[in-house]
Amino acid sequence: MIPQHDLTGLILAGGQGRRMGGVDKGLVPFAGRPLLAHVRERLAGQVAELLVNANRSLDAYAEFADRVIEDAEAGYQGPLMGIYSGLRAARTPWLLVVPCDTPALPDDLVARLVAGIGEADIAVAGDGQRLHPVVALIRTALADDLAAALADGERKIDRWYARHAWVQVDFPEGEGAFANLNTQDEKHRLEQALAEEPAKR
């Protein structure tokens, strides 16, 4: 088992938010708090250090992180660049990555990815139907390999994972737990669904 002091958490918030009108998505209000605040709760207290990868609003994100890190290269090059930036910045052997727009992530996400990785270098969350590549536990020693892949023009996360020993860790909660919010409509629908959940119990 990987101890907490060997784990760094990384929340990816470095995108342009184009499908949400160019807003800084991690700071968009969701159920009364910024989206990032909900995601942070899934990692807080379970990792040695919590990083946020952001390329704007750095002071605002600093409230939610031990450190805010920008992409290693400018130009909004996508989540793989954010992951590389986290691998390079982490001071631990392992990096647990999540996106900033998934407020319904399982509360025990960290424990289950750690339990499921075995001897692999990467554990990727799944819902039983499909993978969620931006929710993953990655060995930080892979930073140099990812740097080389990026230099070769690679931008697809799953293609880079395929170069390494990786495992899928399925979560019985299903795809709803990994719902990522790309539009205001998606945000409103998930807010409503989560608000109705307690009434169903």
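Visitor: Which strands help cover the buried residues of H4?
Guide: In this predicted model, the cover over the buried residues of H4 includes strand S1 (7-13), strand S6 (94-99), strand S7 (122-126), strand S8 (131-139) and strand S9 (166-170).
Visitor: And which residues of H4 are the buried ones?
Guide: Helix H4, which spans residues 109-116, has Leu-109, Val-110, Leu-113 and Val-114 as its buried residues.
Visitor: Why do they end up on the same side of H4?
Guide: Around the helix axis they cover an arc of only 125°, and therefore they lie on the same side of H4.
Visitor: What follows the helix?
Guide: After H4 comes Gly-118, a residue whose phi is positive, near 60°.
Visitor: Switching topic, where is Ser-85, and is it buried or exposed?
Guide: Ser-85 sits in helix H3, which covers residues 79-89, and Ser-85 counts as buried because its relative accessibility is 4%, where the cut-off for buried is under 20%.
Visitor: What does Ser-85 touch?
Guide: Leaving aside residues up to four places away in sequence, Ser-85 is in contact with Asn-53, Ile-69, Glu-70, Asp-71 and Ala-72.
Visitor: How many aromatic pairs turn up in the whole structure?
Guide: A search of the whole structure finds 2 aromatic pairs. One of them is the tilted pair of Trp-160 and Tyr-161, with 5.9 Å centre to centre and 50° between the planes, and both Trp-160 and Tyr-161 are buried.
Visitor: What about Phe-171 and Phe-178?
Guide: Phe-171 and Phe-178 form an edge-to-face pair, at 5.5 Å centre to centre with 75° between the planes, and both of these Phe residues are buried.

Methods
Residues numbered from 1 in each chain as written. Predicted model: local features only at pLDDT ≥ 70, side-chain atom pairs only at ≥ 80, totals over all residues. Heavy atoms only, no water. Helix = DSSP H or I, 4+ residues; strand = E, 2+ residues; numbered from the N terminus. Buried < 20%, exposed > 50% of the residue type's maximum accessible area, 1.4 Å probe, protein only. Contact = heavy atoms within 4.5 Å. Arc of directions from axis to C-beta. Phe/Tyr/Trp six-rings, centres within 6.5 Å; stacked < 30°, edge-to-face > 60°.
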